[in-house]
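This report describes a protein model, taking up in turn a sheet and its helices, the domains and their contact, and the surroundings of a ligand.

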Amino acid sequence: MPLDAARNELDLAAWWMPFTANRQFKDAPRILASASGMFYETEGGRKVMDAAAGLWCVNAGHARAEIADAVHRQLMQLDYAPALQMGHAGGFELAARLARLAPAGLDRVFFTNSGSESVDTALKIAFAYHRARGQGQRTKLIGRERGYHGVGFGGISVGGLVNNRRMFPTLPAVDHLRHTHLPQNAFSRGLPEHGADLADEVDRLAGLHGGETIAAVIVEPVAGSTGVLPPPKGYLERLRAACDRHGALLIFDEVITGFGRVGAPFAAQRFGVTPDIMTTAKGVSNGVVPMGAVFVKREVHDAFMQGPPEAIEFFHGYTYSGHPVACAAALAALDIYEGAGLLTRALSLEAAWEAAIHGLRDAPHVTDIRNFGLMGAIDLAPREGKIGARGYAALVAALEKGALVRATGDTLAFSPPLIVSEAQIGELFGIVGEVLRGID
Ligand SMILES: Cc1ncc(COP(=O)(O)O)c(C=O)c1O
(Lines give C-alpha, C1' and ligand atoms only; values in the text may rest on other atoms or scores of the structure.)
Protein backbone atom coordinates (compact mmCIF):
# COMPACT_ATOMS: atom_id res chain seq x y z
CA MET A 1 0.00 0.00 0.00
CA PRO A 2 1.43 3.39 -0.91
CA LEU A 3 1.75 5.71 2.05
CA ASP A 4 -0.16 8.35 0.14
CA ALA A 5 -2.23 6.65 -2.48
CA ALA A 6 -3.79 10.02 -3.34
CA ARG A 7 -0.54 11.06 -5.00
CA ASN A 8 -0.41 8.18 -7.40
CA GLU A 9 -1.58 10.48 -10.15
CA LEU A 10 1.82 12.25 -9.96
CA ASP A 11 3.98 11.46 -12.97
CA LEU A 12 6.85 9.70 -11.26
CA ALA A 13 8.64 8.43 -14.33
CA ALA A 14 11.08 11.20 -15.19
CA TRP A 15 12.89 11.65 -11.88
CA TRP A 16 15.65 9.03 -11.73
CA MET A 17 15.99 8.99 -7.98
CA PRO A 18 19.37 8.66 -6.21
CA PHE A 19 20.30 5.61 -4.12
CA THR A 20 16.70 4.44 -4.49
CA ALA A 21 15.04 1.28 -5.76
CA ASN A 22 13.20 3.37 -8.35
CA ARG A 23 10.72 0.73 -9.52
CA GLN A 24 9.84 -0.38 -6.01
CA PHE A 25 9.46 3.23 -4.87
CA LYS A 26 7.30 4.25 -7.79
CA ASP A 27 4.99 1.30 -7.19
CA ALA A 28 4.32 2.58 -3.66
CA PRO A 29 5.61 6.15 -3.40
CA ARG A 30 6.29 7.90 -0.13
CA ILE A 31 5.86 11.61 -0.69
CA LEU A 32 6.81 14.27 1.87
CA ALA A 33 4.93 17.52 1.62
CA SER A 34 6.07 19.80 4.42
CA ALA A 35 8.22 19.93 7.52
CA SER A 36 8.44 21.82 10.77
CA GLY A 37 10.62 21.32 13.84
CA MET A 38 10.99 17.59 14.52
CA PHE A 39 8.33 16.50 12.05
CA TYR A 40 7.54 15.94 8.42
CA GLU A 41 4.05 15.82 7.05
CA THR A 42 3.25 13.53 4.15
CA GLU A 43 1.00 14.37 1.22
CA GLY A 44 -1.77 12.48 2.95
CA GLY A 45 -1.46 14.67 6.06
CA ARG A 46 0.34 12.10 8.20
CA LYS A 47 2.74 13.55 10.79
CA VAL A 48 6.06 11.71 10.89
CA MET A 49 8.92 12.25 13.34
CA ASP A 50 12.16 12.94 11.51
CA ALA A 51 14.52 10.47 13.15
CA ALA A 52 17.19 11.06 10.52
CA ALA A 53 17.54 14.86 10.55
CA GLY A 54 16.61 14.72 6.89
CA LEU A 55 19.77 12.90 5.85
CA TRP A 56 21.98 13.66 8.86
CA CYS A 57 21.78 17.35 8.04
CA VAL A 58 18.83 19.25 9.51
CA ASN A 59 20.50 19.65 12.89
CA ALA A 60 18.38 22.58 14.12
CA GLY A 61 15.12 21.05 12.94
CA HIS A 62 12.91 22.07 10.04
CA ALA A 63 11.45 25.38 8.90
CA ARG A 64 13.62 27.66 10.99
CA ALA A 65 12.27 31.13 10.29
CA GLU A 66 15.62 32.78 11.03
CA ILE A 67 17.26 30.83 8.22
CA ALA A 68 14.37 31.40 5.81
CA ASP A 69 14.48 35.14 6.48
CA ALA A 70 18.24 35.31 6.03
CA VAL A 71 18.00 33.42 2.74
CA HIS A 72 15.26 35.70 1.48
CA ARG A 73 17.18 38.84 2.45
CA GLN A 74 20.29 37.51 0.74
CA LEU A 75 18.41 36.66 -2.44
CA MET A 76 17.11 40.20 -2.66
CA GLN A 77 20.47 41.80 -1.85
CA LEU A 78 23.07 39.71 -3.69
CA ASP A 79 21.64 36.54 -5.16
CA TYR A 80 24.83 35.31 -6.76
CA ALA A 81 28.43 36.38 -6.83
CA PRO A 82 31.36 34.58 -8.40
CA ALA A 83 34.08 33.55 -5.97
CA LEU A 84 36.76 33.35 -8.64
CA GLN A 85 38.85 36.52 -8.44
CA MET A 86 35.89 38.22 -6.73
CA GLY A 87 34.50 38.02 -3.22
CA HIS A 88 31.55 38.97 -1.05
CA ALA A 89 31.23 39.78 2.60
CA GLY A 90 29.15 36.74 3.58
CA GLY A 91 31.81 34.30 2.41
CA PHE A 92 34.54 35.95 4.44
CA GLU A 93 32.31 36.32 7.47
CA LEU A 94 31.28 32.68 7.36
CA ALA A 95 34.82 31.38 6.84
CA ALA A 96 36.11 33.45 9.76
CA ARG A 97 33.30 32.25 11.97
CA LEU A 98 33.79 28.62 11.02
CA ALA A 99 37.52 28.97 11.66
CA ARG A 100 36.77 30.12 15.22
CA LEU A 101 34.54 27.09 15.78
CA ALA A 102 37.02 24.59 14.34
CA PRO A 103 39.61 22.53 16.20
CA ALA A 104 42.71 24.59 16.98
CA GLY A 105 44.83 25.26 13.92
CA LEU A 106 42.27 24.36 11.25
CA ASP A 107 41.54 27.95 10.46
CA ARG A 108 41.52 28.04 6.68
CA VAL A 109 38.26 27.14 4.93
CA PHE A 110 37.56 26.13 1.31
CA PHE A 111 33.88 26.14 0.32
CA THR A 112 32.17 23.43 -1.72
CA ASN A 113 28.55 22.42 -2.30
CA SER A 114 28.35 18.91 -0.90
CA GLY A 115 30.14 16.29 1.11
CA SER A 116 31.35 14.56 -2.04
CA GLU A 117 32.91 17.76 -3.28
CA SER A 118 34.46 18.39 0.13
CA VAL A 119 36.11 14.98 0.05
CA ASP A 120 37.48 15.32 -3.46
CA THR A 121 38.69 18.82 -2.58
CA ALA A 122 40.47 17.51 0.52
CA LEU A 123 42.19 14.73 -1.42
CA LYS A 124 43.38 17.21 -4.05
CA ILE A 125 44.67 19.55 -1.34
CA ALA A 126 46.62 16.64 0.15
CA PHE A 127 48.29 15.77 -3.16
CA ALA A 128 49.06 19.38 -4.04
CA TYR A 129 50.36 20.11 -0.54
CA HIS A 130 52.95 17.36 -0.71
CA ARG A 131 53.98 18.43 -4.19
CA ALA A 132 54.38 22.03 -3.07
CA ARG A 133 56.82 20.76 -0.44
CA GLY A 134 58.85 18.72 -2.89
CA GLN A 135 57.23 15.40 -1.94
CA GLY A 136 55.40 14.68 -5.17
CA GLN A 137 56.06 10.96 -4.67
CA ARG A 138 53.25 10.92 -2.09
CA THR A 139 50.56 9.72 -4.48
CA LYS A 140 48.86 7.03 -2.41
CA LEU A 141 45.70 7.39 -0.36
CA ILE A 142 44.46 5.21 2.44
CA GLY A 143 40.76 4.87 3.22
CA ARG A 144 38.95 2.30 5.29
CA GLU A 145 36.62 -0.59 4.63
CA ARG A 146 33.00 0.41 5.24
CA GLY A 147 33.94 4.10 4.90
CA TYR A 148 31.58 6.41 3.04
CA HIS A 149 33.05 9.52 1.51
CA GLY A 150 30.47 10.45 -1.07
CA VAL A 151 30.22 9.57 -4.71
CA GLY A 152 32.96 11.49 -6.53
CA PHE A 153 35.70 9.34 -8.05
CA GLY A 154 38.01 10.29 -5.20
CA GLY A 155 35.35 9.55 -2.62
CA ILE A 156 34.42 6.13 -3.98
CA SER A 157 38.09 5.23 -4.30
CA VAL A 158 38.86 5.85 -0.63
CA GLY A 159 35.39 4.67 0.39
CA GLY A 160 34.85 1.11 1.44
CA LEU A 161 31.28 0.21 0.51
CA VAL A 162 31.37 -2.41 -2.21
CA ASN A 163 28.15 -1.45 -3.99
CA ASN A 164 29.41 2.10 -4.46
CA ARG A 165 32.65 0.83 -6.00
CA ARG A 166 32.04 -2.32 -8.00
CA MET A 167 30.52 -0.68 -11.10
CA PHE A 168 33.09 2.06 -11.52
CA PRO A 169 36.80 2.53 -12.09
CA THR A 170 38.56 3.89 -9.01
CA LEU A 171 41.81 5.76 -8.45
CA PRO A 172 44.76 3.41 -8.87
CA ALA A 173 46.86 4.17 -5.79
CA VAL A 174 44.46 3.57 -2.94
CA ASP A 175 44.53 1.05 -0.13
CA HIS A 176 42.21 0.47 2.80
CA LEU A 177 42.48 -0.09 6.52
CA ARG A 178 40.32 -2.82 7.97
CA HIS A 179 37.01 -1.66 9.40
CA THR A 180 36.50 -1.64 13.16
CA HIS A 181 33.21 -3.51 13.42
CA LEU A 182 34.42 -6.47 15.45
CA PRO A 183 32.04 -9.18 16.68
CA GLN A 184 33.43 -8.86 20.23
CA ASN A 185 32.20 -5.24 20.26
CA ALA A 186 28.53 -6.18 19.75
CA PHE A 187 26.12 -4.13 21.87
CA SER A 188 28.83 -1.70 22.95
CA ARG A 189 27.48 1.37 24.65
CA GLY A 190 29.41 4.33 23.27
CA LEU A 191 32.97 3.62 22.21
CA PRO A 192 33.81 -0.08 21.83
CA GLU A 193 36.61 -1.60 23.90
CA HIS A 194 38.31 -3.68 21.22
CA GLY A 195 40.15 -2.68 18.09
CA ALA A 196 42.37 0.33 18.80
CA ASP A 197 45.23 -1.72 17.37
CA LEU A 198 43.52 -1.69 13.97
CA ALA A 199 44.91 1.83 13.57
CA ASP A 200 48.36 0.24 13.30
CA GLU A 201 47.25 -1.03 9.89
CA VAL A 202 48.71 2.27 8.67
CA ASP A 203 52.12 0.87 9.57
CA ARG A 204 51.37 -2.34 7.73
CA LEU A 205 50.36 -0.45 4.59
CA ALA A 206 53.36 1.85 4.96
CA GLY A 207 55.51 -1.28 5.08
CA LEU A 208 53.86 -2.54 1.91
CA HIS A 209 53.83 0.65 -0.16
CA GLY A 210 56.58 2.73 1.46
CA GLY A 211 55.49 5.27 4.06
CA GLU A 212 57.02 8.07 1.98
CA THR A 213 54.49 7.38 -0.82
CA ILE A 214 51.39 7.97 1.32
CA ALA A 215 49.67 11.33 0.84
CA ALA A 216 46.80 10.98 3.27
CA VAL A 217 44.68 8.71 5.41
CA ILE A 218 40.98 9.50 5.44
CA VAL A 219 38.38 8.19 7.88
CA GLU A 220 35.07 9.24 9.34
CA PRO A 221 35.74 9.67 13.08
CA VAL A 222 32.42 7.89 13.62
CA ALA A 223 31.46 6.03 10.45
CA GLY A 224 27.89 7.04 9.66
CA SER A 225 26.38 5.81 6.44
CA THR A 226 27.70 2.29 6.86
CA GLY A 227 25.60 1.97 10.01
CA VAL A 228 27.12 4.08 12.80
CA LEU A 229 30.46 2.57 13.81
CA PRO A 230 31.99 4.53 16.70
CA PRO A 231 35.78 4.20 16.84
CA PRO A 232 37.26 1.79 19.37
CA LYS A 233 38.67 3.54 22.44
CA GLY A 234 42.09 4.97 21.59
CA TYR A 235 41.82 4.19 17.87
CA LEU A 236 41.81 7.75 16.57
CA GLU A 237 44.76 8.71 18.78
CA ARG A 238 46.72 5.81 17.34
CA LEU A 239 45.74 6.72 13.82
CA ARG A 240 47.01 10.26 14.41
CA ALA A 241 50.31 8.94 15.70
CA ALA A 242 50.68 6.53 12.78
CA CYS A 243 50.08 9.31 10.23
CA ASP A 244 52.69 11.43 11.98
CA ARG A 245 55.19 8.57 11.87
CA HIS A 246 54.87 8.36 8.11
CA GLY A 247 54.39 12.03 7.25
CA ALA A 248 50.88 11.39 5.88
CA LEU A 249 48.09 13.90 6.34
CA LEU A 250 45.15 12.76 8.44
CA ILE A 251 41.75 13.73 7.03
CA PHE A 252 38.63 13.45 9.15
CA ASP A 253 35.48 13.27 7.10
CA GLU A 254 33.05 15.08 9.40
CA VAL A 255 30.24 15.47 6.90
CA ILE A 256 27.93 13.72 9.37
CA THR A 257 29.74 14.23 12.67
CA GLY A 258 30.26 17.97 12.23
CA PHE A 259 28.02 20.64 13.72
CA GLY A 260 27.05 19.06 16.99
CA ARG A 261 26.09 15.51 16.06
CA VAL A 262 28.41 13.98 18.67
CA GLY A 263 28.18 16.60 21.39
CA ALA A 264 30.90 19.02 20.28
CA PRO A 265 31.09 21.28 17.25
CA PHE A 266 33.23 18.60 15.59
CA ALA A 267 34.07 15.02 16.50
CA ALA A 268 37.75 16.01 16.43
CA GLN A 269 37.07 18.12 19.52
CA ARG A 270 35.01 15.46 21.25
CA PHE A 271 37.84 12.96 20.77
CA GLY A 272 40.67 15.41 21.34
CA VAL A 273 42.35 14.31 18.12
CA THR A 274 43.13 16.96 15.53
CA PRO A 275 43.33 16.05 11.86
CA ASP A 276 45.20 18.07 9.23
CA ILE A 277 42.14 18.49 7.03
CA MET A 278 38.47 18.15 7.95
CA THR A 279 35.64 17.79 5.44
CA THR A 280 32.13 19.00 6.27
CA ALA A 281 28.80 19.70 4.54
CA LYS A 282 25.21 18.89 5.57
CA GLY A 283 24.77 20.61 8.96
CA VAL A 284 26.86 23.62 7.96
CA SER A 285 23.70 25.15 6.46
CA ASN A 286 21.21 23.04 8.43
CA GLY A 287 20.82 21.17 5.15
CA VAL A 288 18.53 23.78 3.65
CA VAL A 289 20.88 25.09 0.95
CA PRO A 290 23.58 22.79 -0.43
CA MET A 291 26.97 23.68 1.01
CA GLY A 292 30.22 22.10 2.12
CA ALA A 293 33.34 23.40 3.82
CA VAL A 294 36.83 21.94 3.98
CA PHE A 295 38.86 23.01 7.01
CA VAL A 296 42.61 23.06 6.50
CA LYS A 297 45.46 23.45 8.94
CA ARG A 298 47.25 26.77 8.63
CA GLU A 299 50.58 25.09 7.72
CA VAL A 300 48.96 23.07 4.95
CA HIS A 301 47.31 26.18 3.52
CA ASP A 302 50.48 28.21 3.86
CA ALA A 303 52.49 25.68 1.87
CA PHE A 304 50.45 26.79 -1.15
CA MET A 305 51.15 30.48 -0.59
CA GLN A 306 54.47 30.59 -2.40
CA GLY A 307 55.69 31.92 -5.72
CA PRO A 308 54.60 35.17 -7.29
CA PRO A 309 51.56 36.66 -5.54
CA GLU A 310 49.70 37.04 -8.83
CA ALA A 311 49.81 33.26 -9.41
CA ILE A 312 46.70 31.22 -8.59
CA GLU A 313 47.81 28.89 -5.82
CA PHE A 314 45.26 26.07 -6.15
CA PHE A 315 43.62 25.24 -9.45
CA HIS A 316 40.37 24.07 -8.00
CA GLY A 317 36.93 25.47 -7.14
CA TYR A 318 33.29 25.50 -8.10
CA THR A 319 30.84 27.98 -9.66
CA TYR A 320 28.96 27.85 -6.39
CA SER A 321 31.88 27.82 -3.93
CA GLY A 322 30.80 30.14 -1.13
CA HIS A 323 27.44 30.85 -2.77
CA PRO A 324 26.03 33.96 -1.08
CA VAL A 325 22.70 32.29 -0.36
CA ALA A 326 24.37 29.24 1.16
CA CYS A 327 26.59 31.52 3.25
CA ALA A 328 23.55 33.41 4.51
CA ALA A 329 21.82 30.15 5.43
CA ALA A 330 24.95 28.90 7.18
CA LEU A 331 25.45 32.10 9.17
CA ALA A 332 21.82 31.95 10.32
CA ALA A 333 22.20 28.25 11.15
CA LEU A 334 25.31 29.01 13.23
CA ASP A 335 23.36 31.70 15.09
CA ILE A 336 20.77 29.09 16.01
CA TYR A 337 23.29 26.39 16.85
CA GLU A 338 25.23 28.70 19.13
CA GLY A 339 22.25 30.54 20.56
CA ALA A 340 20.44 27.35 21.55
CA GLY A 341 23.54 25.42 22.61
CA LEU A 342 22.89 22.78 19.95
CA LEU A 343 26.56 22.15 19.25
CA THR A 344 26.95 20.47 22.62
CA ARG A 345 23.37 19.43 23.35
CA ALA A 346 23.92 15.85 22.16
CA LEU A 347 26.22 15.35 25.11
CA SER A 348 23.47 16.03 27.62
CA LEU A 349 21.06 13.69 25.78
CA GLU A 350 23.57 10.93 25.19
CA ALA A 351 22.74 8.89 28.30
CA ALA A 352 19.00 8.95 27.61
CA TRP A 353 19.63 8.17 23.95
CA GLU A 354 21.90 5.25 24.83
CA ALA A 355 19.45 3.81 27.36
CA ALA A 356 16.53 4.10 24.95
CA ILE A 357 18.20 2.49 21.96
CA HIS A 358 19.80 -0.31 23.99
CA GLY A 359 16.39 -0.95 25.51
CA LEU A 360 15.64 -2.76 22.23
CA ARG A 361 18.39 -5.32 22.71
CA ASP A 362 15.90 -8.14 23.20
CA ALA A 363 13.50 -7.05 20.48
CA PRO A 364 12.97 -9.52 17.61
CA HIS A 365 15.61 -9.69 14.83
CA VAL A 366 18.14 -7.47 16.65
CA THR A 367 21.79 -8.61 16.32
CA ASP A 368 23.68 -5.48 17.40
CA ILE A 369 23.07 -1.95 18.66
CA ARG A 370 25.55 0.94 18.60
CA ASN A 371 25.39 4.56 19.74
CA PHE A 372 27.48 7.69 20.13
CA GLY A 373 26.37 11.31 20.52
CA LEU A 374 22.98 11.53 18.85
CA MET A 375 23.82 8.76 16.41
CA GLY A 376 22.62 5.21 16.74
CA ALA A 377 22.07 2.04 14.76
CA ILE A 378 20.33 -1.27 15.13
CA ASP A 379 21.43 -4.24 13.02
CA LEU A 380 18.73 -6.72 12.11
CA ALA A 381 19.30 -10.30 11.08
CA PRO A 382 18.73 -10.49 7.31
CA ARG A 383 15.91 -12.59 5.95
CA GLU A 384 17.05 -15.86 4.45
CA GLY A 385 18.48 -15.11 0.99
CA LYS A 386 17.05 -11.57 0.95
CA ILE A 387 19.56 -9.11 2.28
CA GLY A 388 17.99 -5.73 2.97
CA ALA A 389 14.36 -6.90 2.81
CA ARG A 390 13.84 -6.81 6.58
CA GLY A 391 15.48 -3.38 6.88
CA TYR A 392 13.22 -2.06 4.14
CA ALA A 393 10.15 -3.58 5.77
CA ALA A 394 11.12 -1.83 9.01
CA LEU A 395 11.52 1.50 7.21
CA VAL A 396 8.06 1.22 5.67
CA ALA A 397 6.45 0.05 8.91
CA ALA A 398 8.11 2.84 10.91
CA LEU A 399 6.78 5.40 8.49
CA GLU A 400 3.29 3.98 8.86
CA LYS A 401 3.66 4.28 12.62
CA GLY A 402 4.99 7.85 12.48
CA ALA A 403 8.80 7.84 12.29
CA LEU A 404 11.17 8.37 9.37
CA VAL A 405 14.30 6.29 9.98
CA ARG A 406 17.23 5.42 7.69
CA ALA A 407 17.56 1.86 6.52
CA THR A 408 20.75 0.76 4.82
CA GLY A 409 20.58 -2.91 4.10
CA ASP A 410 19.37 -4.47 7.31
CA THR A 411 20.70 -1.71 9.53
CA LEU A 412 18.41 0.98 10.90
CA ALA A 413 20.19 4.27 11.60
CA PHE A 414 18.97 7.14 13.75
CA SER A 415 20.17 10.74 13.95
CA PRO A 416 17.35 13.09 14.95
CA PRO A 417 17.61 16.86 14.79
CA LEU A 418 19.59 18.07 17.81
CA ILE A 419 16.47 19.77 19.18
CA VAL A 420 14.91 16.39 19.98
CA SER A 421 13.44 16.07 23.49
CA GLU A 422 13.93 13.13 25.85
CA ALA A 423 10.24 12.37 25.53
CA GLN A 424 10.58 12.22 21.73
CA ILE A 425 13.55 9.88 22.07
CA GLY A 426 11.35 7.58 24.15
CA GLU A 427 8.55 7.86 21.63
CA LEU A 428 10.88 7.08 18.72
CA PHE A 429 12.28 3.89 20.19
CA GLY A 430 8.78 2.94 21.33
CA ILE A 431 7.75 3.06 17.68
CA VAL A 432 10.85 1.12 16.60
CA GLY A 433 10.10 -1.57 19.19
CA GLU A 434 6.55 -1.91 17.86
CA VAL A 435 7.92 -2.09 14.32
CA LEU A 436 10.35 -4.87 15.19
CA ARG A 437 7.66 -6.87 16.94
CA GLY A 438 5.33 -6.35 13.96
CA ILE A 439 7.51 -7.38 11.01
CA ASP A 440 8.56 -10.90 10.11
C1 LIG B 1 31.03 10.99 5.79
C2 LIG B 1 30.40 11.44 4.51
N3 LIG B 1 31.17 11.98 3.56
C4 LIG B 1 30.66 12.41 2.40
C5 LIG B 1 29.32 12.33 2.16
C6 LIG B 1 28.77 12.80 0.85
O7 LIG B 1 28.00 13.94 1.02
P8 LIG B 1 27.05 14.43 -0.15
O9 LIG B 1 25.95 13.43 -0.26
O10 LIG B 1 26.61 15.79 0.33
O11 LIG B 1 27.88 14.52 -1.39
C12 LIG B 1 28.47 11.79 3.12
C13 LIG B 1 27.02 11.69 2.89
O14 LIG B 1 26.29 11.09 3.63
C15 LIG B 1 29.03 11.33 4.33
O16 LIG B 1 28.27 10.77 5.28
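## The four-stranded sheet

In this predicted model, four strands are arranged as an open sheet whose order is β11-β12-β15-β14, with antiparallel pairing. The edges of the sheet are formed by β11 and by β14 (406-408), each of which pairs on one side only. When direction is ignored, neighbouring strands of the sheet are turned against each other by 20 degrees on average.

The pairing between β11 and β12 is antiparallel and extends over six bridges. One of the residue pairs in question joins Ile369 to Ile378, the latter being its bridge partner in β12.

## Helices on the sheet

Helix α13 lies across β11 and β12, and its direction runs at about 175 degrees to that of β11. Helix α14, which spans residues 389-401, also packs on the sheet, where it touches β12, β14 and β15. The direction of α14 makes about 170 degrees with that of β14.

## Two domains and their contact

According to the domain assignment of the protein, domain 1 consists of two segments, 5-60 and 341-438, while domain 2 covers 66-339. The C-alpha centres of domain 1 and domain 2 are 26 Å apart, and the contact between them draws 32 residues from domain 1 and 29 residues from domain 2.

On the side of domain 1 that touches domain 2, two or more residues are given by each of α2 (53-56), α13 (342-358), β11 (366-372), β12 (375-380) and β15 (411-414). Helix α13 supplies the largest share of this side, with nine residues; α13 is also the helix that lies across β11 and β12. By class, the residues on the side of domain 1 that touches domain 2 comprise 15 nonpolar, 10 polar and seven charged.

## Surroundings of the ligand

The shell around the ligand contains 14 residues, of which Ser114, Gly115, Ser116, Gly150 and Val255 come nearest. Helix α5, which is made up of residues 115-132, provides the largest share of this shell, namely three residues. Sorted by class, the shell around the ligand holds five nonpolar, seven polar and two charged residues.

Terms used
Residues numbered from 1 in each chain as written. Predicted model: local features only at pLDDT ≥ 70, side-chain atom pairs only at ≥ 80, totals over all residues. Domains from an automatic or database assignment. Contact = placed C-beta atoms within 7 Å. Nonpolar A, V, L, I, M, F, W, Y, C, P; charged D, E, K, R; others polar. Pairing = 2+ DSSP bridges. Axes fitted to C-alpha atoms, helices over the stretch in contact; angles between N-to-C directions. Near = placed C-beta within 6 Å.
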